[in-house]
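User: I would like to go through this model and ask what stands behind each label put on it. Please set the values against the cut-offs as we go.

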Amino acid sequence: MEVLRHFSHEHPLIFNEERSYESEVYCSACGELVLGPRFSCMDCGFHLDKNCAEAPDVMNHPFHRKHNLELKASSPYDDGSPLCGFCNNICWNFLYHCSCNLDFHIKCAFLSYKVLKNDFRELQHLVPIISSEGHSRELEKAQCFACQKSLLDSVYISPDYAFHLHKKCLELPLEINHPCHRHHSLFLQFNSDHLPCQICQETQHEGLVYCCSICKFVLHTGCVSPPPIIEDPSTHEHPFTRCLKNLSFNCDACGTLGNYVSYNCLTCSLMVHKKCITLPRFIKSIWHDHPISHNYFVVDNECTTHDCGFCHEDVNMESGSYYCSKCKFIIHVNCALQDAR
Ligand SMILES: [Zn+2]
Ligand SMILES: [Zn+2]
Ligand SMILES: [Zn+2]
Ligand SMILES: [Zn+2]
Ligand SMILES: [Zn+2]
Ligand SMILES: [Zn+2]
Ligand SMILES: [Zn+2]
Ligand SMILES: [Zn+2]
C-alpha cells in the first residue's frame, strides 16, 4: 500500500489505482474530476490525482527565471483572488505562486512547460490548431496569453483547452540578442516588474515580454522587429529605412526626442519616429484659419517669431513643424495634432 504524506493534508494519503465508480471524486488541487489513479484520505473525502500529488513544491519556470514558484494549497492573498497568468481564470484551488504576484494553475504551469519543450510539428498531433476566421462571442473575448492580443483572424493553439497561444507567439524564441540592448540577452518573461516597452513606451502588465532583468529593459514581442522599410508616398516620396540602435535622436518630423528605433530617409537626410512617417502633409488646426502644412524645416528669411501658436514655447526651425507661410504662423507638431480637425 503506497502512502503519501502531502503538505496540504494532515493525514496520510493512500494510493488508489482504480477509478472510483461508486462516486465521482474531485481533485482538491486542480478541482477536476479524477478519472485515473489518485491519492486519497477516505475519512475526509480528500483526493489528489496522481499528477497533482506529484507536482513539486517548488518549480522553476522558464517564463519567470528570477524566482522559484512555490506550490500553495490556497490563495496567498488577504483579499482579491489569484488570477492564473496563463488562462486568466481564478485559481480556486492549488496554485504556483511567486512573491512578484504571479500565480498559475498547476495544470497551466505544466502544460506551458510542455508547450515550450515540444517541437511545434510534434504538438500538432496533440492540440487543435484553429484558424479563427468565423466569429464567435467567446473568441472575441479570448486572448493569447503571450501577447495579450485577440485570437480573431489568427492561428492559435489551446493545449487541453487550458489557455490560448497564437502560432506566431508559440514560435517566439525564448532568448534573443537585440541591437537595442547589446550587452545582455533578452529573455521571454512575464513582465513581473511592470516595465514599459522601451520602443513604444506602453506597459503590458500581463503576458510575456522580452526582458533583461539586470537592466530592467523590456520590449514587447510585437515591437522587437519593426518593419525594415516603410513607404507611404502620400506623406513622403521616398521610403524610410529602419535603424535599431541604443541611441537617442531628435526626430526631424516632430522635433522631439526618440530612442532605439529611428526611420531614415537617406535621400533627404531625415531621421524620424516610426509614428511620424505618416504625419499628414496638411492639417486644419483650431488655432489657425488656414490649413497648415508639415515641413521638416522652415526656411523663411522674413519669419522672425518662432513661438508656437498653441503653447507659445520656442519652435526649433531646424526640425519639423506645421507652418502657414502666408501668415508666418508656426506650431509644434504635437501641439497641432492635439487639436487637429
Ligand atoms: Zn484526512
Ligand atoms: Zn490557468
Ligand atoms: Zn518572482
Ligand atoms: Zn499572441
Ligand atoms: Zn512596445
Ligand atoms: Zn541588460
Ligand atoms: Zn517624431
Ligand atoms: Zn495662415
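**Charges, shape and burial**

Analyst: The protein carries 27 positive and 39 negative side chains, and the centres of these two sets are 4 Å apart. This is a predicted model, with 6 helices and 23 strands.

User: Why is the protein called more spread out than a compact globule?

Analyst: Its radius of gyration is 28 Å, and the globule rule gives 20 Å for 341 residues. The value is well over the rule, so the protein is described as more spread out than a compact globule. Along the principal axes, the C-alpha trace spans about 95 × 40 × 40 Å.

User: What share of the residues is buried, and what share of the contacts joins residues 24 or more positions apart?

Analyst: Buried residues are 44% of the 341 in the protein. Of the contacts with a separation of 6 or more, 47% are between residues 24 or more positions apart. The exposed area is about 19000 Å², with 50% of it supplied by carbon and sulfur atoms.

**Strands**

User: What makes S1 and S4 the edge strands?

Analyst: The open sheet has 4 strands in the order S1-S2-S3-S4, with antiparallel pairing. Strand S1 (3–4) and strand S4 (46–49) each pair on one side only, and that makes them the edges.

User: How do you know that S1 and S2 pair?

Analyst: Pairing requires at least two bridges. S1 and strand S2 (residues 13–16) are joined by 2 bridges and run antiparallel, so the requirement is met. Val3 stands opposite Ile14 in S2.

User: What makes both faces of strand S22 count as covered?

Analyst: In strand S22 (residues 321–324), Ser321 and Tyr323 on one side are buried, as are Tyr322 and Cys324 on the other. S22 also has pairing partners. Strand S21 (residues 292–295) pairs with S22 in the antiparallel sense over 3 bridges, and Ser293 stands opposite Tyr323. Strand S23 (residues 329–331) likewise pairs with S22 over 3 bridges in the antiparallel sense, with Phe329 as the bridge partner of Cys324.

**Single residues**

User: Why is Phe163 called buried?

Analyst: The cut-off for buried is under 20% relative accessible area. Phe163 has 1%, so it is buried.

User: Where is Phe163, and between which strands? What is it in contact with beyond its neighbours within four places in sequence?

Analyst: Phe163 is in the loop between strand S10 (155–157) and strand S11 (165–166). Beyond those neighbours, its contacts are Phe86, Cys87, Cys108, Leu111, Ser112, Phe145, Ile157 and Ser158. Leu111 is 52 residues away from Phe163 along the chain, with 9.1 Å between their C-alpha atoms.

User: Why is the phi of His194 worth pointing out?

Analyst: Most residues other than glycine have a negative phi. His194 is not a glycine, but its phi is positive, about 55°. His194 lies in the loop between strand S13 (181–190) and strand S14 (208–212).

User: What makes His194 and Lys328 count as partly exposed?

Analyst: Partly exposed covers values between the buried limit, under 20%, and the exposed limit, over 50%. His194 has a relative accessibility of 40%, so it is partly exposed. Lys328 is at 27%, so it too is partly exposed.

User: Where does Lys328 lie, and what is its phi?

Analyst: Lys328 lies in the loop between S22 and S23. These strands form a hairpin with 4 residues between them, and Lys328 is in the turn. Although Lys328 is not a glycine, its phi is positive, about 55°.

Technical notes:
Residues numbered from 1 in each chain as written. Chains lettered and ligands numbered in written order. Predicted model: local features only at pLDDT ≥ 70, side-chain atom pairs only at ≥ 80, totals over all residues. Heavy atoms only, no water. Rg over C-alpha atoms; globule rule 2.2 N^0.38 Å. Buried < 20%, exposed > 50% of the residue type's maximum accessible area, 1.4 Å probe, protein only. Contact = heavy atoms within 4.5 Å. Areas by Shrake-Rupley, 256 points an atom, 1.4 Å probe, with all protein chains shown as cover. Lys, Arg positive; Asp, Glu negative; His and termini not counted. Charge placed at Lys NZ, Arg CZ, Asp CG, Glu CD.
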